Amino acid sequence: MGCSASNGVAPPAGGPLTMISCGGCGQSMQAQLPPGAAQCQVGCPSCGRLNTLNNPLHQPAADSGLGADGTLQVSCGSCSTAMKVRPTPGHSSLQFTCPTCNATNRLSIPSKGGVPTPSSTSASTSASTSMSGGASAGGLASVTCSACSGAFNARLPPGGGRCRAACPHCGQDNEVGASSAALPPSSSAGSAGTAAGDGTDQPAVVTVQCGACAQTVRVQATAVPGGRCRFTCPCGQVNEFSIMGPKAEMREIEVQFPGYWQTQADGDPLFKDEKQSITIAMQRMLDKTWKDQRTRDARLHGRTGGMEKFKVVNVRRNENPKSWISYFKLRAQLAEKLESRGGCKQWTAKTAATGLDGESCPVHDRAGLMNEVNEFYLFHGTKPSAVHAICKDDFALNLTGTNAGTLYGPGLYFAEASSKADEYASDDKEGIFEGLYALILCRVMCGNMHYTDAVRPNVQTLMDSIVKNRTHQSVLGDREKCRGTYREFIVFDPDQVYPEYIIIYRRVSPDDDE
């Protein structure tokens, strides 16, 4: 019989809600037995493992009471593991933690033999509260519900003292006592956890904290539309986070703006139409990086038939001082970090070799890209009506569109080939950009790149190298080698990207000479 599992969404009516830990990946989740059921199977939302949940009202016991050694033979109400526990003399109830699944169990102790019966509907309103350190005003206390034994955090009143808190799992009203300090404040970014399963074709698992109650939860780093990750805390709060490593303290760095910019100081963003020579260079870049090759992503988006080529209509330069300052400082910091480690392997993107035969590209000539941090010009496909918002908002992950890739983790995906980036571009259906498409040519600092040519990459390994171990700053997925398609460049920190050029274009047939 199946039962419901939840990550904060109210389940259908049934038995009491129970917090269990998956026996495969360890993720905590809420589960609910169907009405009257003695047992059910709970599918883990992270790794898919089926876990057995037993109704504590049907909890078996092998012995008829206390053994000669003063112990009780009991079974865990979550995973059915049999074990011996030793009651405290004079106490009428017993709480124990299962060593197999970490579930907290509570039993009433028979006075004269008999089977120990669970106290799952205890009338007591006194909860178990644990904190560390000295007192703290208005802090968070870790609470164990007196009814369902579920763990949750409750906020104490200013000055400490006692308060009442409703359990988010079963609704029981608990009295919470303050005897020590609050838990640490919540954090907004995910940090790498342990892998789920063998890692093949599995999303990464990260440890995050709820922004409302500061409860720590292990979740899959699966991108929702927009490129960010979302999870629902057991307290009911929906949270979003992006994957990036913690930033080091930034020393004072003198920022230099590109010499060809009109803007040379902090101020409001500007969009400047580019001169004809740059527009011609962009057309050449699109032509030379184009390949007569569609991928599965294009077919999923309804792109079938012959390949189109691209005709540039307009090129604009994005001069955003605020975004540039963040990008410039991080680039300088990364250069120092890599130099202190002996440097990193330097790669080349196909966008660099797009000048006329025997000549260099004027776009690259004036850019001053830093090879030592693997800084490239790379394409990102979108629609014309979205490009200004992306350029103004630091290439925020929640503005990258619904076409964000997930094969290499929940990051920002870029292409060195115009035909690959075009698979993610869409046209506006009305207005001045009707029938037109957009590519953003971005500066992307990739740093030490985690290269993989695996058909099914181990996402957890990739994420750990960037977020947990911090040995790499990006991923280079070589689908050109393993599938004959394209290489993909992925970063996980928006500050590693500066969207510099907006290319508006139309799709044309290969024999169109216009």
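Select Tyr486 to begin: it sits in the loop that runs between helix H8 (479-483) and strand E28 (487-491). The model is predicted, and confidence is taken up at a later stop.

**Stop 1: Tyr486**

Is Tyr486 buried or exposed? With a relative accessible area of 4%, Tyr486 is buried, because the cut-off for that label is under 20%. Now show its surroundings. Leaving aside residues up to four places away in sequence, Tyr486 touches Lys291, Gln293, Thr295, Met307, Ala417, Ser419, Lys420, Glu423, Gly477, Asp478, Arg479 and Glu480. Pick Ser419 from that group: its side chain and that of Tyr486 are joined by a polar contact of 2.8 Å. Then pick Lys291. Along the sequence Lys291 and Tyr486 are 195 residues apart, while their C-alpha atoms lie 9.1 Å from each other in space.

**Stop 2: Glu274**

Move to Glu274, in the loop between strand E21 (270-273) and helix H1 (276-288). Glu274 is buried too, at a relative accessible area of 11%. Which side chains make polar contacts with the side chain of Glu274? One is Arg317, at 2.6 Å; another is Arg366, at 2.5 Å. To see the wider setting, display the residues that Glu274 touches, not counting those up to four places away in sequence: Thr279, Val315, Arg316, Arg317, Arg366 and Tyr501.

**Stop 3: helix H5**

Select residues 384-392, which form helix H5, and colour its buried residues: Pro384, Ala386, Val387, Ile390 and Cys391. Why do these residues fall on the same side of H5? They span an arc of only 135° around the axis, so they share one side of the helix. Next, add the elements that the buried residues of H5 pack against. These are E21, strand E22 (309-319), helix H3 (321-340), strand E23 (375-382), strand E25 (437-445) and strand E29 (497-508). Strand E21 also borders the loop of the previous stop, the one that holds Glu274.

**Stop 4: helix H7**

Go on to residues 459-468, helix H7, which is mostly covered, with 8 of its 10 residues buried. The buried set consists of Val459, Gln460, Leu462, Met463, Asp464, Ser465, Ile466 and Val467. Look at both ends of the helix. At the start of H7, Asn458 brings a side-chain oxygen to within 3.1 Å of the backbone nitrogen of Gln460. Just after H7, Arg470 has a positive phi of about 60°.

**Stop 5: confidence**

Colour the protein chain by pLDDT. The chain mean is 72, and 54% of the residues reach 70 or more. Where is confidence lowest, and where is it highest? Strand E16 (residues 191-192) is lowest with a mean of 35, and strand E26 (residues 449-452) is highest at 97. Then select residues 4-13, where the pLDDT is below 50; beyond near neighbours in sequence, this stretch has 30 contacts in the model. Residues 111-138 also have pLDDT below 50, and that stretch has 85 contacts beyond near neighbours in sequence. Predicted coordinates should not be read in detail where pLDDT is low.

**Stop 6: the whole chain**

Zoom out to the full chain. Its secondary structure comes to 8 helices and 29 strands. Of the 514 residues, 51% are buried. Among contacts with a separation of 6 or more, 62% are between residues 24 or more positions apart. With the surface switched on, the chain exposes about 23,100 Å², of which carbon and sulfur atoms supply 49%.

Terms used. Residues are numbered from 1 along each chain as its sequence is written. This is a predicted model: local features need pLDDT of at least 70, side-chain atom pairs count only at pLDDT 80 or more; totals for chains, interfaces and linings use all residues. Side-chain values use heavy atoms; hydrogens and water are left out. Helices (H or I, at least four residues) and strands (E, at least two) are DSSP runs, numbered from the N terminus. Buried means under 20% relative accessible area, exposed over 50%, partly exposed in between (1.4 Å probe, protein chains only). Contact means heavy atoms within 4.5 Å. A polar contact is a pair of N or O atoms within 3.5 Å; within protein, one must be able to donate a hydrogen and the other to accept it, and residues adjacent in sequence count only if both atoms are side-chain atoms. pLDDT is the predictor's confidence in each residue, from 0 to 100. Accessible areas come from the Shrake-Rupley method with a 1.4 Å probe; for residues, only the protein chains shown count as cover. The arc is that of the directions from the helix axis to the C-beta atoms.
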